[in-house]
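Dear colleague,

I am handing over the structure that we spoke about, and below it you will find what I found when I went through it. Please keep it open while you read, so that you can look up each residue as it comes.

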Amino acid sequence: MSEAYEAGLRTALDDENFAKLTALRNPKLHQFIADAIERCTPDSVFVCTDSEDDVAYVRRRAVEIGDETPLAIEGHTIHFDGFRDQARDKANTKYLVPPGVDLGANLNSIGRNEGLAEVRGYLKGSMVGREAIVRFFCLGPTDSAFSISGVQVTDSAYVAHSEDLLYRTGYGEFKRLQDSGDFFRVLHSAGELKDSVSANVDKRRVYVDIEDDCVYSVNTQYGGNTIGFKKLALRLAIRKADRDGWLAEHMFVMGAHGPGGRVTYFTGAFPSACGKTSTAMLPGETIIGDDIAYLRAIDGQARVVNVEYGIFGIIRDVNPEDDPVINEILTNPGEVIFSNVLVKDGRPYWLGMGCELPGEGTNYSGQWRAGNTDDAGKAISPAHGNARYTVSLKNLSNLDSRVDDPAGVPAQGIVYGGRDSDTWVPVQQSLDWAHGVITMGASLESETTAAALGQEGVRTHQPMSNLDFVSVPLGRYVQNHLDFGARLEKPPLIFAVNYFLKNQHGEYFNGMADKGVWMKWMELRVHGDVDAIRTPTGSVPMYADLARLFREVLSAEYTQEQYNEQFVLRIPENLAKLERIETIYRTDVPDTPEVFFETLGAQRAGLADAQKRYGDYAAPSQFHEESVS
Ligand code: SPV
Ligand code: MN
């Protein structure tokens, strides 16, 4: 160990923890931990290796210090975040940019020196009276070319425990790293606590040091602001992927099961709280991951891994009917961390669980009674809309057998979907890779949800469902996708889905389970097993195929009338969307590739032509005669 750090670490760590740290012969790691300790001045430091004892210590500790409270079912605990700390704080999440670097208008950034001074100022002395926990993880399967090592220092045992459920252990990986400095670092402090929650959320900051592969997070506990290897490291990974020519995406990875026992792998990008987890958990299919994926072009093939090994899922609407697998896990003994649900007599309750909720209990506002209001006079809901559960994948009955494959699985289809009440049809396939990247991924829009602080239900641009985490200029990020496809012999097919289309009375056209039919149709398309109807926005299913799939998958009738009203091409809405997207890219994204505007232009011309021939609302059958692919 370098002498510069040794003295500080020897003083702060007891012999056992010092030995665990020095077994890793990595100067950059030692420097990071020495700096974290010097800045945050914890009373003690626990270095967590991959051993069962160490992991069990963190789990115990979360309860001992009041970060979590046991519930009635064995292995279940509840953690509460503060009343105003219930979601990702986009406004106070910023990239630290050195002089001369401009990430563009849609990325939130602050000068590096100014930002470092601010966030490191808030971290000063933040761990006094507490223990710092040092945790090591491997992002992706161990021993894999995809994977990246990460280390976090945190004073939250809840964060450290959550990470244990969500990631593959990484102390062993750090041994293999030897003295390489190629790893991600996260320093987190919940800051001053009051009643076990962060007291100074007005000083909540999540600052991403893009020059140094390091993230600082302070005065917050909510997982999306604090769990280092979820969205904090995703922002670093997107920069690394940009440098090295691969993709880091906000995507699930799953196996869709087709005829004859074949498994076809899909990735899917949906903004938070728009059906990503429930798609990955579709009955009859197998899950690899539900949130973050790394994709690489290997020998002309797109290969993909799940970065994580667990689910930090939205609990709202999990019930025996819509999410049977998760519901089973949440109602049986085993390790589960609930957050921000309502607790009464040691039992958790959440919105949409399929039973009546008690009229009082403990929730994210403290002692709660039906009718309680917040400072603005608004009723406090029994459980928060962004309440979560954290579980490891290892207990899932629908886990795909290739989840740990160090070579990843082949990505054969990519799905983009947002919360869109009036424009896109329920499912369509892009005309080719570039068309899909541009008109589906990069043009995705979605109405805002409870997963980020701020007003809900506002239509926003959500390119690749990744805008909250993109850390390179947006035009360049889009270009990286175009380049990625160019390196593939047969790029995955790109699809757009819309689970949230509404009729003129504001009711959803589709049931939650219908996505299982769209998935089966996409699986068949990958293998060319069904025809489709080519419309100006993409290729849509034929009625007869959907009618058969609805019967096979859901034992349900799907009428021609339902098909007609769901799959009608809404030309004015699609034209208005093109307009919005073009304006955003022309105004805010100076490095947008020219092909982007050409593709939007071609789509506009196709829509205008259809409008002339068929009017504003064109049935798929009108295109049928034109071309079947
Ligand atoms: C999301 O909001 O997209 C999540 C949870 O997956 S968070 O960790 O908050 O990002
Ligand atoms: Mn997510």
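Lysine 231 has a polar side-chain atom that lies 2.7 Å from an oxygen atom of ligand 1, in what is, please bear in mind, a predicted model. Two further side chains make contacts of this kind: an N or O atom of aspartate 291 is 3.1 Å from an oxygen atom of the ligand, and a polar atom of arginine 388 lies 3.5 Å from an oxygen atom of ligand 1. Taken alone, ligand 1 exposes 280 Å², and the protein buries 97% of that.

Besides Lys231, Asp291 and Arg388, the surroundings of the ligand include Arg88, Tyr222, His250 and Phe312. If you sort the residues of this shell by character, you will find three nonpolar, three polar and five charged. Where does ligand 1 lie with respect to domain 1 and domain 2? Residues of the shell come from both domain 1 (3–243) and domain 2 (248–310 + 403–624), and ligand 1 therefore lies between them.

I also looked at a sheet, which is open and has four strands in the order E14-E18-E19-E27, paired in antiparallel fashion. At its edges are strand E14 (247–249) and strand E27 (409–410), each of which pairs on one side only. Strand E14 is joined by three bridges to strand E18 (residues 293–298), and these two run antiparallel; within this pairing, alanine 248 has tyrosine 294 of E18 as its bridge partner.

With best wishes

Note on methods: Residues numbered from 1 in each chain as written. Chains lettered and ligands numbered in written order. Predicted model: local features only at pLDDT ≥ 70, side-chain atom pairs only at ≥ 80, totals over all residues. Heavy atoms only, no water. Near = heavy atom within 4 Å. Polar contact = N/O pair within 3.5 Å; in protein donor to acceptor, adjacent residues only side chain to side chain. Areas by Shrake-Rupley, 256 points an atom, 1.4 Å probe, with all protein chains shown as cover. Nonpolar A, V, L, I, M, F, W, Y, C, P; charged D, E, K, R; others polar. Domains from an automatic or database assignment. Pairing = 2+ DSSP bridges.
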